[in-house]
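Here are my notes on this model, as numbered points. Please read them with the structure open.

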Amino acid sequence: MSVISNEPIDEKKLEKARQIILNLQNELAYKIETEGCGPFLAAVFDEKGNIISKTANSVINEKCSHNHAEMNAVKEAEKVLQTYDLAPFNLSLYVTAEPCIMCLGGIMWSGIKSVFYGVSSKDVERITGFDEGFKPSWLEEFKKRGITVYGQIEEEAGKKVLETYVKTGKTVYKPSR
C-alpha cells in the first residue's frame, strides 16, 4: 500500500517518519518478547527531533482498557511538559498502527500537531481481530483542526510484528459483546 496523507506529501517529513516508525516497530518486536506488552508502541517528538515520551500499549499488563500506546505516550508527554495542552510545543506522535477511535479523540484534544502511523486499521482488524471503531472521515476532521496525518508508513514491517504477536498466542484484548 502507498502512504496516505491529509496534506500534499512532504518527502522530508515522510523519510523522517519512515526511520522513526521502523525503529519503533523493531523495538516493539523486542518489547513484546521481553516485556509482554501489547502489540503497539507510540512516541512523541518535538519539532527539533527530541523525544518527549515513548510508551507501549499496557492494557493487559495494567488491566486498564484505555492504556493504548498513543494515550500512554500523550499522558507521559503531558507529565514531562507539565501541561494538559501540548499545542504550544508543536509535537508529533509516531505510532506503529493507525489510532483507534478512542485514541483519535485523545490525540485531537491533546494538542498534538502531527500523527504518523504504520499499519492501517483495516489490517490491524484483519490480523488481530481488534475492533478499531467507527472512524468516518477522520483524516479530513483532523485536517480541519490543523492536525497533519501521514499513514501506512513501513506497513509491511508492522504487519509482520502484529502477525508474530498473534501467532505466538499473546492476548489480543477485546471487550466481551
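1. Helix α4 (101-110) has these buried residues: C103, L104, G105, G106, I107 and S110. Buried means under 20% relative accessible area, exposed over 50%, and partly exposed in between (1.4 Å probe, protein chains only). The cover over the buried residues of α4 includes α3, β4, β5 and α6. Contact here means heavy atoms within 4.5 Å. Helices (H or I, at least four residues) and strands (E, at least two) are DSSP runs, numbered from the N terminus. G111, just after α4, takes a positive phi of about 100 degrees.

2. A word on the basis. This is a predicted model, in which local features need pLDDT of at least 70 and side-chain atom pairs count only at pLDDT 80 or more, while totals for chains, interfaces and linings use all residues. Residues are numbered from 1 along each chain as its sequence is written, and side-chain values use heavy atoms, with hydrogens and water left out.

3. Next, the nonpolar cores. A nonpolar core is a set of buried Ala, Val, Leu, Ile, Met, Phe, Trp, Tyr and Cys residues joined through side-chain atoms within 4.5 Å. The largest one has 32 residues. F40, V44, L93, I107, I112, V115 and F142 have the most contacts inside it. The elements giving two or more residues to this core are β2 (41-45), α3 (69-81), β4, α4, β5, α5 and α6. Helix α3 supplies the largest share, 5 residues. A second, separate core has 19 residues, among them L24, F45, A56 and Y94.

4. What does F40 touch, leaving out residues up to four places away in sequence? The contacts of F40 are L28, A56, N57, A69, T96, A97, V124, L162 and Y173.

5. Turn to the aromatic rings. The structure holds 6 aromatic pairs. Y94 and F116 form a stacked pair, 4.7 Å centre to centre, with 10 degrees between the planes. Rings of Phe, Tyr and Trp (its six-membered ring) pair if their centres lie within 6.5 Å; planes under 30 degrees apart count as stacked, over 60 as edge-to-face and the rest as tilted. Y94 lies in strand β4 (residues 92-97) and F116 in strand β5 (residues 114-119), so this pair ties together parts that are 22 residues apart in sequence. Both Y94 and F116 are buried.

6. F130 and Y173 form an edge-to-face pair: 5.1 Å centre to centre, 65 degrees between the planes. The pair links distant parts of the chain, 43 residues apart. F130 is in the loop between α5 (121-128) and α6 (138-144), and Y173 is in the segment after α7 (155-167). F130 counts as buried because its relative accessibility is 11%. Y173 counts as buried at 12%. Elsewhere, ring pairs link F45, Y94, F116 and Y150 into a cluster.

7. Two strand residues deserve a look. S92 is in strand β4 and is buried, with a relative accessible area of 13%. Outside the residues up to four places away in sequence, S92 touches A43, V44, F45, S114 and F116. V149 is in strand β6. The relative accessible area of V149 is 0%, so V149 is buried. With the same sequence neighbours left out, V149 touches I4, S5, N6, V115, Y117, W138, L139 and F142. V149 and E7 are 142 residues apart in sequence and 7.5 Å apart in space, C-alpha to C-alpha.

8. Check the backbone between β6 and α7. Most residues other than glycine have a negative phi. Q152, not a glycine, has a positive phi of about 65 degrees. Q152 is found in the loop between β6 (148-151) and α7. E154 lies in the loop between β6 and α7 and has a positive phi of about 50 degrees, although it is not a glycine. Is each of these buried or exposed? Q152 is buried, with a relative accessible area of 11%, and E154 is partly exposed, with 28%.

9. Last, the cavities. A search of the whole structure finds 3 cavities of 30 Å³ or more. On a 1 Å grid over the protein atoms alone, a cavity is a set of points where a 1.4 Å probe fits but cannot get out; lining residues have an atom within 4 Å of a point. Grid points are joined across faces, edges and corners, and a volume is the space filled by probe spheres set on the points. The largest cavity has a volume of about 80 Å³. Its lining has 14 residues, of which F40, H68, E70, E98 and E132 lie nearest the centre.

Notes
1 Å grid on protein atoms, 1.4 Å probe; cavity = no way out; pocket = protein on both sides within 12 Å on 5 of 7 lines; lining within 4 Å.
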